[in-house]
Amino acid sequence: MSSTGSPKTSPSIEVTAPIDVIASEQELVIRADLPGSSVELIDVRFDEGTLSLRATIPPRQLESTAYLLREFAPTVYTRSLEIGEQFDLDQVSADYESGVLTLRLPVVQAKKPRRVPITGG
Amino acid sequence: MPLRDLLTKSPKEEPSESAVKKLKGEMERIFDRIVDEGVHLHDSFFGSTGEWLPAVDVSETVEEVIVIAELPGVDPATLDVTIQGQTLAIAGEKKPRVLASEEKVHETGCRYGCFIRRVTLPVDVDDSKTDATFANGVLTLHIAKVVTNPGKRIDIQAASAPFPGDDPLASTSC
């Protein structure tokens, strides 16, 4: 048995990405387990208050691999979340490290109400 | 929350909506793998312990056994990989982020906690010839197989003279 041969062509399965969502007054943090992906294969979009995530996990071995136990398949992780419009999308940060994507969405800080001084006689 | 935490709740205690959603997600993941890949459940779910079980692939070539484990968010420096006989064990912990007092959790779909994943290797391996890499939350182990001695062929010399009583003209068959 050998692992040489043409690249794997088996189709990907689509799976809902497991995520953690943590909120504070300052920001919303979304963390997704996406093992085996890469920065180039992850797509995050915001559209009308909805965050959409799509990450591809490519094949890790060749088509001719002699598997004894197989629990992984080429996967496309997807997730869609309605998060609203209260975030500063220009300040969103995204970091992919050790197979975990972390998104930080800062909350737009509402301007404090200002008292208008009234002058008069 | 591990699946077993859901199963050990008393009948009167209703699981939360997020726990049910998580259980549904886990079941979908398991069935996806069964349908698409023909997963061997007995290998996947027994003989391993912990709060979660990393998914693994095990394959082999002529020279080596290859084990690939999904470990997103696990610090590779904390991993403990051991080989004893034909059993490989991958142990570690995925630590959850410590929350600040003002932070509120809205959803927890990622898995955390300690794990031990054991895999039975198909042959004896040479644990001194193991290569381990960790990239993007995936651990890849290349473990050399023990090279077995194929045995030495012994040449048989023909006797210089026939045995007494042998007919040198008789044909042989086998």
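Is A:Asp43 buried, partly exposed or exposed? A:Asp43 is partly exposed, at a relative accessible area of 31%, and we will meet this residue again in the fifth view. Please keep in mind that the model shown in these views is predicted.

**View 1. Chain A and chain B meet across a shared interface.** Here 37 residues of chain A are in contact with 44 residues of chain B. The two chains bury about 3600 Å² between them, and 52% of this area is on carbon and sulfur atoms. On the chain A side, the residues that lose the most area to chain B are A:Leu68, A:Leu69 and A:Glu71, which together account for 21% of what that side buries. A word on the choice of number: the size of an interface is often given as the accessible area lost when the parts come together.

**View 2. Polar contacts and salt bridges link chain A with chain B.** Between these chains there are 4 salt bridges. One of them joins the side chains of A:Asp33 and B:Lys94, with an N to O distance of 2.6 Å. Across the interface, 21 residue pairs are in polar contact, counting pairs with both residues at pLDDT 80 or more. Five strands of chain A give two or more residues each to the side that touches chain B: E1 (13–16), E2 (19–23), E3 (27–33), E6 (66–70) and E9 (100–106). By residue class, that side of chain A divides into 18 nonpolar, 10 polar and 9 charged.

**View 3. Strand E2 of chain A pairs with a strand of chain B.** The partner is strand E6 of chain B, residues 104–108. The two strands run antiparallel and are joined by 4 bridges. To find one of these pairings on screen, look for A:Val21, whose bridge partner in E6 of chain B is B:Glu107.

**View 4. Strand E1 of chain A has a covered face and an uncovered face.** A:Ile13 and A:Val15 make up the covered face, whereas A:Glu14 and A:Thr16 make up the uncovered one. In a regular strand the side chains alternate between the two faces of the sheet. Within chain A, E1 runs parallel to strand E7 (residues 75–82), and 4 bridges join the pair. A:Val15 has A:Tyr77 as its bridge partner in E7 of chain A.

**View 5. Salt bridges also form within each chain.** Over all chains, the structure holds 9 salt bridges. In chain A, the side chains of A:Arg104 and A:Glu27 meet at 2.8 Å, N to O. A:Arg104 belongs to strand E9 and A:Glu27 to strand E3, so this pair ties together parts that are 77 residues apart in sequence. A:Arg104 is partly exposed at 27% relative accessible area, and A:Glu27 is partly exposed at 21%. A:Asp43, from our opening question, forms a salt bridge with A:Arg45, the closest N and O atoms being 2.6 Å apart. A:Arg45 is exposed, with a relative accessible area of 52%. In chain B, B:Glu103 and B:Arg97 form a salt bridge with closest N and O atoms 3.0 Å apart. There, B:Glu103 is buried at 12% relative accessible area, while B:Arg97 is partly exposed at 31%.

**View 6. A:Val39 sits in a loop of chain A.** The loop lies between strand E3 and strand E4 (42–47). A:Val39 is exposed, with a relative accessible area of 56%. A:Val39 and A:Asp95 are 56 residues apart in sequence, and their C-alpha atoms are 8.5 Å apart in space.

Definitions and conventions
Residues are numbered from 1 along each chain as its sequence is written. Chains are lettered from A and ligands numbered from 1 in the order in which they are written. This is a predicted model: local features need pLDDT of at least 70, side-chain atom pairs count only at pLDDT 80 or more; totals for chains, interfaces and linings use all residues. Side-chain values use heavy atoms; hydrogens and water are left out. Contact means heavy atoms within 4.5 Å. Buried area is the accessible area (1.4 Å probe) that two parts lose on being put together, summed over both. A polar contact is a pair of N or O atoms within 3.5 Å; within protein, one must be able to donate a hydrogen and the other to accept it, and residues adjacent in sequence count only if both atoms are side-chain atoms. Ala, Val, Leu, Ile, Met, Phe, Trp, Tyr, Cys and Pro count as nonpolar, Asp, Glu, Lys and Arg as charged, and the others, Gly among them, as polar. Two strands pair if DSSP finds at least two bridges between them. Buried means under 20% relative accessible area, exposed over 50%, partly exposed in between (1.4 Å probe, protein chains only).
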